[in-house]
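Open the model in your viewer and turn on side chains. Have the selection box ready. Where do charges pair, and what are the cysteines doing?

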Amino acid sequence: MAFPGRIGLVIRLFIDCDPGIDDAIALGYALCQSDVEITGIAASAGNVPVDAVTRNALAWLELTDRTDIPVHRGAENPVAHRAGDPAPIFADDTHGPLGAGHAVLDEPTTTAHQLSAAEAWVQT
């Protein structure tokens, strides 16, 4: 949905991602767009568990000085995980134990928002 902005229209986005490598690049691209307002991030398990994904989202936002964007803890399991399976399969062998490849991110000083990603998505 687009809203009037200073220059043209502004697209408001609530982004669901697992920002390690590819999603971190997409997030960085979105952060650089003058016509995009990121209203929140759902940090959902994907290539690595949700705790690492949440940490990465917070760390990338701190690195870009965008701690004004709330990060919400998202899904515990990757989309490909089926209910009833014994344990989710992650891609930490490819994406590294923290999902950011060989990037070394500082430990974030901020924390995830208290609302779950699902609750935040409804309220946004």
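The tour visits charged pairs and then cysteines.

Keep in mind that this is a predicted model.

**Stop 1: the charged pairs**

Start with a general point. Side chains of opposite charge can pair when their charged atoms come close. How many salt bridges does a search of the whole structure find? The search finds 5. We will visit some of them.

**Stop 2: E37 and R12**

Select E37 and R12. Their side chains meet in a salt bridge, at 3.5 Å from N to O. Now show the strands. E37 sits in strand 3, residues 36–43, while R12 sits in strand 2, residues 9–17. The pair therefore ties together parts that are 25 residues apart in sequence. Switch on the surface. E37 is partly exposed, with a relative accessible area of 37%. R12 is partly exposed too, at 35%.

**Stop 3: D68 and R66**

Next, select D68 and R66. These two form a salt bridge. The closest N and O atoms are 3.0 Å apart. Is D68 buried or exposed? D68 counts as exposed, at 55% relative accessibility. R66 is partly exposed, with a relative accessible area of 28%.

**Stop 4: R73, E76 and D51**

Select R73 and E76. Here the side chains meet in a salt bridge, with 2.9 Å from N to O. R73 is partly exposed, with a relative accessible area of 32%. E76 also counts as partly exposed, at 45%. Now add D51 to the selection. Which residues do shared salt-bridge partners join into one network? D51, R73 and E76 are joined that way.

**Stop 5: the cysteines**

Clear the selection and turn to sulfur. A disulfide is a covalent bond between the sulfur atoms of two cysteines. How many disulfides does the structure hold? The count is 0.

Select C17 and C32 to see why C17 has no such bond. From the sulfur of C17, the closest cysteine sulfur is in C32, 15 Å away. That is too far for a bond, because a disulfide needs the two sulfur atoms within 2.5 Å. Seen from the other end, C32 is in no disulfide, and its nearest cysteine sulfur is that of C17.

Bring the surface back for a last look. C17 is buried, with a relative accessible area of 6%. C32 counts as exposed, at 66% relative accessibility.

Terms used: Residues are numbered from 1 along each chain as its sequence is written. This is a predicted model: local features need pLDDT of at least 70, side-chain atom pairs count only at pLDDT 80 or more; totals for chains, interfaces and linings use all residues. Side-chain values use heavy atoms; hydrogens and water are left out. A salt bridge is a side-chain nitrogen of Lys or Arg within 4 Å of a carboxyl oxygen of Asp or Glu. Helices (H or I, at least four residues) and strands (E, at least two) are DSSP runs, numbered from the N terminus. Buried means under 20% relative accessible area, exposed over 50%, partly exposed in between (1.4 Å probe, protein chains only).
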